[in-house]
Every structure is written in structure tokens, then in C-alpha cells.
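Trainee: Could you walk me through this chain, one question at a time?
Mentor: Gladly; have a look at it here, and then ask away.

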Amino acid sequence: MAHYRVQFKDGSSHTLQAMRVRTDAHSLYLEERAAGAWREVFSNPLEEVERIQRRFTENNGAWTWLQERLPAPVGDVRA
């Protein structure tokens, strides 16, 4: 599973594991797959998110954090 770091506009950050990142019109969701269904690991309003990064491990074992683009909104909008 990939490691993601969500950085917020207030300067704080949160690091967690997830299989996919998605958005709707209002929120960012990080999800994992369990028993054939997607399960939400983390969600946060988009207006509070500064950026999201994904961790890659280099050949020498060092970690590199690369900025990810927020995916285009898909699916229904949650209230």
C-alpha cells in the first residue's frame, strides 16, 4: 500500500497508508480495499488541503516524497 502525506493550509500534516485517493466536489478521500469493497481511511474538506504527496523508496532505500495532483471529482457527492 502506498504512503501519503496530506499537508494542510494551517501548516500541519498527516501521513497514512491507502490504496487510492479520490475527491468529490467538497472532500478528499483516501481509501483501502477490504473484502472486495473500498473503505475510507481518511477524509478531509478540500478547502483545508494544501497538497498531497506520495512516498517512493529509491534503490538505495532513501524515501522521496513527490507531490501528487488531486484527482478530478468522481461519483456522487456526499452530504
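Trainee: What share of the residues of the chain count as buried?
Mentor: A word on the source to begin with: this is a predicted model, with local features needing pLDDT of at least 70, side-chain atom pairs counting only at pLDDT 80 or more, and totals for chains, interfaces and linings using all residues. Residues are numbered from 1 along each chain as its sequence is written, and side-chain values use heavy atoms, with hydrogens and water left out. Buried means under 20% relative accessible area, exposed over 50%, and partly exposed in between, with a 1.4 Å probe and protein chains only. Of the 79 residues of the chain, the buried share is 29%.

Trainee: How many helices and strands does the secondary structure come to?
Mentor: Helices (H or I, at least four residues) and strands (E, at least two) are DSSP runs, numbered from the N terminus. From the N terminus on, the elements run β-β-β-β-β-β-β. The count is therefore 0 helices and 7 strands.

Trainee: Which element supplies the largest share of the largest nonpolar core?
Mentor: A nonpolar core is a set of buried Ala, Val, Leu, Ile, Met, Phe, Trp, Tyr and Cys residues joined through side-chain atoms within 4.5 Å. The largest one has 12 residues, including Tyr4, Leu16, Leu30 and Ile52. S1, strand S2 (13-18), S4 and strand S6 (49-57) each supply at least two residues of this core. The largest share, 4 residues, comes from S1.

Trainee: Which residues form the aromatic pair?
Mentor: Rings of Phe, Tyr and Trp (its six-membered ring) pair if their centres lie within 6.5 Å, and planes under 30 degrees apart count as stacked, over 60 as edge-to-face and the rest as tilted. The structure holds 1 aromatic pair, and it is tilted, with 6.4 Å centre to centre and 50° between the planes. It links distant parts of the chain, strand S1 (residues 2-8) and strand S5 (residues 37-45), with partners 34 residues apart. Both partners are buried, and they are Phe8 and Phe42.

Trainee: Which residues are linked in a network of salt bridges?
Mentor: A salt bridge is a side-chain nitrogen of Lys or Arg within 4 Å of a carboxyl oxygen of Asp or Glu. Glu31 in strand S4 (residues 27-34) and Arg20 in strand S3 (residues 20-23) are 11 residues apart, yet their closest N and O atoms are 2.6 Å apart. Glu31 also meets Arg22 in a salt bridge, at 2.9 Å from N to O. The linked residues are Arg20, Arg22 and Glu31.

Trainee: Is Arg20 in this network buried or partly exposed?
Mentor: Its partner Glu31 counts as buried because its relative accessibility is 3%, and Arg22 is also buried, at 12%. Arg20 has 29% relative accessibility, so it counts as partly exposed.

Trainee: What is the N to O distance in the salt bridge of Arg39 and Glu32?
Mentor: The count comes to 3 salt bridges, and this is one of them. Arg39 counts as partly exposed at 43% relative accessibility, whereas Glu32 counts as buried at 16%. The N to O distance is 1.9 Å.

Trainee: Over which ring does the charged end of Arg20 sit?
Mentor: A charge sits over a ring if NZ of Lys or CZ of Arg is within 6 Å of the ring centre and within 35 degrees of the ring normal. Arg5 lies over the face of Trp65, at 4.2 Å from the ring centre. For Arg20, the charged end is 4.0 Å from the centre of the ring of Trp38.

Trainee: What is the phi of Ala35 near?
Mentor: Ala35 is found in the loop between S4 and S5. With a relative accessible area of 89%, Ala35 is exposed. Its phi is positive in a residue other than glycine, near 55°.

Trainee: What separation do the C-alpha atoms of Arg51 and Leu70 have?
Mentor: Arg51 has its place in strand S6 and is partly exposed, with a relative accessible area of 33%. Along the chain, Arg51 and Leu70 are 19 residues apart. Their C-alpha atoms are separated by 8.0 Å.
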